[in-house]
Structures are given as C-alpha cells and as structure tokens.
Amino acid sequence: MYKVLSEQREGEVKNLRDELDATQKEYAVLVEQVKIFEVSDDELCMAINGQNPQVQQKLDRIDQLRTEIDNIKAMVKEWKGKLDRLASKKETTQEQLTSADVQLRAAKEKVEARSQKIEDLQSQLGSAVVAA
C-alpha cells in the first residue's frame with residue numbers, strides 16, 4: 001500500500017516538475033517579450049516586469065508550484081521513512097518467526113523422543129508383567 005502511494009506521489013512530483021519546467025520556459029519567453037521601455041527626458045527606462053499582470057501571474061504560479069513540490073517532497077520523505085520502518089519491522093518479525101519455528105521443531109523432536117521412550121518403557125513393563 002505504501003509503495004503504491006509512494007509511486008503515486010513520485011508521479012505527482014514528476015508531473016509538477018514537468019509543469020514547473022514548462023512554466024519556467026514560458027516565463028523566460030515572456031520576460032523577453034515584456035521588456036517595456038519608456039522614453040522620458042531623453043532617458044531610456046525599463047519598466048519593472050512585475051507591472052505586467054501576465055508576468056506576475058506566471059511568477060505567482062511558479063511560486064505556487066515550488067510550494068507544492070516542497071510539500072510533496074516532504075510527504076515522500078515521510079512515506080519513505082515509514083516504509084523503512086515497516087521493512088525493519090518485517091525483518092525483525094521474520095527473524096522472530098524463524099526462531100520460533102526452530103524452537104518448535106526442537107520441542108517436537110524432544111516430544112517424539114520422549115514418546116518413543118515411553119512406548120519402550122511400556123513395552124518393557126508389559127513384558128515384565130507377563131513374565132512375572
């Protein structure tokens with residue numbers, strides 16, 4: 001279950017990265033197109049790109065995507081930590097199960113040996129009772 005969620009999150013991160021890359025490329029193109037020049041008092045002044053609403057929207061979208069990526073990275077890190085803990089618990093449980101299995105087999109062998117010894121003693125007792 002955690003693996004599926006982790007894969008989904010990684011897919012979402014990849015999609016967001018692709019969207020961020022596309023937005024950054026579009027932003028770079030817009031920055032080149034938005035250079036607005038004003039001529040006043042024989043000075044050439046470039047207006048701030050942030051004054052253009054399209055550019056500001058793109059900048060806001062980039063910030064939003066970066067925030068989403070940071071959040072998803074944090075979630076992925078948390079899920080990976082949980083997966084690591086579960087894997088560790090699984091290994092520990094597997095070792096405990098193997099140990100219990102070995103102990104069970106040893107106990108079973110002891111019971112079988114004692115059972116055989118009891119049968120032998122009963123047989124000897126039966127022979128002694130018949131002979132007496």
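Mentor: Let's start with a term: helices (H or I, at least four residues) and strands (E, at least two) are DSSP runs, numbered from the N terminus. This is a predicted model, where local features need pLDDT of at least 70, side-chain atom pairs count only at pLDDT 80 or more, and totals for chains, interfaces and linings use all residues. Residues are numbered from 1 along each chain as its sequence is written, and side-chain values use heavy atoms, with hydrogens and water left out.

Trainee: Okay, what makes Lys82 and Glu78 a salt bridge?

Mentor: A salt bridge needs a side-chain nitrogen of Lys or Arg within 4 Å of a carboxyl oxygen of Asp or Glu. Lys82 and Glu78 have N to O at 3.3 Å, so the pair fits the definition. Both sit in helix H2, 4 residues apart, about one turn of the helix.

Trainee: How many salt bridges does the structure hold?

Mentor: There are 5. Another one joins Glu19 and Arg61, with the closest N and O atoms 2.4 Å apart. Glu19 lies in helix H1 (residues 2-33) and Arg61 in helix H2 (residues 53-131), so this pair ties together parts that are 42 residues apart in sequence.

Trainee: Why is Glu19 called partly exposed?

Mentor: Buried means under 20% relative accessible area, exposed over 50%, and partly exposed in between (1.4 Å probe, protein chains only). Glu19 has 32%, so partly exposed is the right label. Arg61, at 27%, counts as partly exposed too.

Trainee: And what about Glu26 and Lys58, how do they meet?

Mentor: Their side chains form a salt bridge, 2.8 Å from N to O. Glu26 is in helix H1 and Lys58 in helix H2, so they tie together parts 32 residues apart in sequence.
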